[in-house]
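Hello,

Here is the structure I said I would pass on. My notes on it follow below the view.

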Amino acid sequence: MGLLETEQKQSKMVGVGLEGLPTTLINEIIVKLDTETLCSVACVSRALRFAVSEALPLSSSLDLSVFSPDAQTLNHLVSRCKGLKILTLDCLRLDDSSITIFLGPHIQELNLLRCSLLSYQLLRSIGESLPNLRLLTLELSYWDLPEVFNRNLVQMLTGCSYLESLCLKIRGAEFDATFFRSIEHFLPKTVKILKLQPVLEQDVIRFIRELRVNRNILETAEFGIPFSPASPGFKLQSLYLVLDIISDELVSSITNSLPFLIELHLEDRPSKEPSPFHDLTNSGLQSLRFCRHLTDISLIRSRHNLPVYFKRINDMGMFLLSEGCRLLESVRLGGFCRVSDAGFASILHSCWHLKKFEVRNALLLSDLAFHDLTGAPCSLVEVKLSSCNLITSETVHKMASSRRLEVLDLFGCKSIADSSLSSITCLNKLTTLNLGGADVTDRGLSVLSQGYSPISHLCLRGCKRVTDKGVSLLFHGCGVISKTLTALDLGHMPGISDKSILTIAAVGTGITELCIRYCFYVTDSSVEALATKRRLQDGRKPLRKLDLFHCTGLSIKSLESLKRPFFQALKWIGLGRTCLSGKGNEICNERPWLTLCLDGCEMGCHDGWHFHRPETRDH
């Protein structure tokens, strides 16, 4: 009871101090804050609440994607924004009626994410109410027939004739991907960015051929002769597709019909082994040379349904790609099991402007691909080498020459050891480091703690040789990581116990996201420590996301720590497969802004929300 009284006393003292500040100073601060922070500071004092109420009507943009508002909260916020043009929402708790009342001609950009409760009828409402819409993003859940979706989609596209960017994702519909059939007949010709998921290859081929750019227009442009913007055909610049199969026919159709493409992202999720006669081959990669403006390419064969690869592509395919698309700045490749170091190295050495390089599940990729990285003309900013088992610490040593590197993802590279961490500490612009599944130990974390890399996001998931001692060394070193770290993943680590969490609660002042899923030795003491020591004092930042999925050491006693006034800034918590799973309603009744996930989603429910059971959707 003494702890609760202390919390209340501190809150009153903060409020009294703010009341004394000049109004002009408060207003100057308020206009620089994002929506989430505005919602938080409005609860601190009357002065700030009044300042926020004055600032909201002047805002043209509202982003509520960092938490899942209910209908009442949304109405309270959006109704105050009179000049709103851009609206972004996490719709996990919202139904159609919560959204349609705010739709009108003033909205030019609409982003509705994680729409687990919205019906396809919303598409029709958007078409009827938003004639000036320029950008639309919709993440819907699969819960009705594709024919119903198609009818409403036609109504929407007919009404939104000025669309420039359209992103439509239907989650959970991989085995019934007929949602976008005949979209080509109604798609506004103003669209420059198109993202569809899921879609069938044959539907895409038919659709793309309808969008064919007149070749005479293209050749005229190549010779410097101006052409009319009103010429027939689409001018798509970015195309993102998740489909059943990527084939030569598909890629050739895209490159022949859309030569002005700047970005091309293709991901397939085969449900069976692709036929040797109906797959992507070296010829398909060669056809990409017709897209002379291409700067961003992504070709991913996902293992979402079963472990499959691009078996008809070898080094020659990569040679053709790197020679034909020298302007590439970003390359993402997944599932190229027969491409060796020579093929991948050709991209690094031929694409002079390359900044982002990602490779997944490449069975033959080894350190040799990066042997002469210092001689490569590109200046890498982001490198991701996921589940490439032949990659060792030697590659990391070569990466030390990339002084501009900001993101290094080595998840699943099991041969990365402690010796690589001394090279990582030399990267003074590195902000994201993923060592998931690596063979690092406490000694390696000690080295990392001494460095000057301003790492804000660190993943150690599955690093089985890291113990409580390593976490303590990480936060007590003389380097900068203990001050810059904001997100930490310690999931699936048997060596982690309450000692690590107590260390984080005591000295991890900047941690706002913490994942400790499948840490069986974490108990109620950890939750209590995070609840009582994570306060806005001494520069500490409060926890916003906490993943406790399958932490079987927790008992019902932790329930009290999850109630108010503790964890005041918490927006998301994962409690699936713990003894607290059945207490969801009790927690949410006190914390209406808290998203409680019981289904094992990764942090924030960015993927998996569409599988939430009906009884847990309002969480």
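The accessible surface of the protein chain comes to about 26,400 Å², and 53% of that belongs to carbon and sulfur atoms. Please keep in mind that this is a predicted model. The chain has 619 residues, of which 55% count as buried. Its secondary structure consists of 22 helices and 20 strands. Taking contacts between residues at least 6 apart in sequence, 74% join residues at least 24 apart.

On the interior: the largest nonpolar core has 173 residues, and Ile126, Phe357 and Leu385 are the ones with the most contacts inside it. Another core, of eight residues, lies apart from it; Leu92, Trp572, Cys601 and Cys605 are among its members.

I also looked at the surroundings of phenylalanine 357. Leaving aside neighbours within four places in sequence, phenylalanine 357 is in contact with Val331, Phe344, Ile347, Leu348, Phe370, Leu380, Val383 and Leu385, and also with Glu382 and Lys384.

The other residue I followed up is glutamate 267, which is found in strand S8, residues 263–268. Its side chain makes a polar contact with the side chain of arginine 269, at 3.1 Å. Not counting residues up to four places away in sequence, glutamate 267 touches Leu241, Val242, Leu243, Ile246, Ile300 and Ser302. For one of these, isoleucine 246, the C-alpha atom is separated from that of glutamate 267 by 7.4 Å, with the two residues 21 apart along the chain.

Regards

Terms used. Residues are numbered from 1 along each chain as its sequence is written. This is a predicted model: local features need pLDDT of at least 70, side-chain atom pairs count only at pLDDT 80 or more; totals for chains, interfaces and linings use all residues. Side-chain values use heavy atoms; hydrogens and water are left out. Helices (H or I, at least four residues) and strands (E, at least two) are DSSP runs, numbered from the N terminus. Buried means under 20% relative accessible area, exposed over 50%, partly exposed in between (1.4 Å probe, protein chains only). Contact means heavy atoms within 4.5 Å. Accessible areas come from the Shrake-Rupley method with a 1.4 Å probe; for residues, only the protein chains shown count as cover. A polar contact is a pair of N or O atoms within 3.5 Å; within protein, one must be able to donate a hydrogen and the other to accept it, and residues adjacent in sequence count only if both atoms are side-chain atoms. A nonpolar core is a set of buried Ala, Val, Leu, Ile, Met, Phe, Trp, Tyr and Cys residues joined through side-chain atoms within 4.5 Å.
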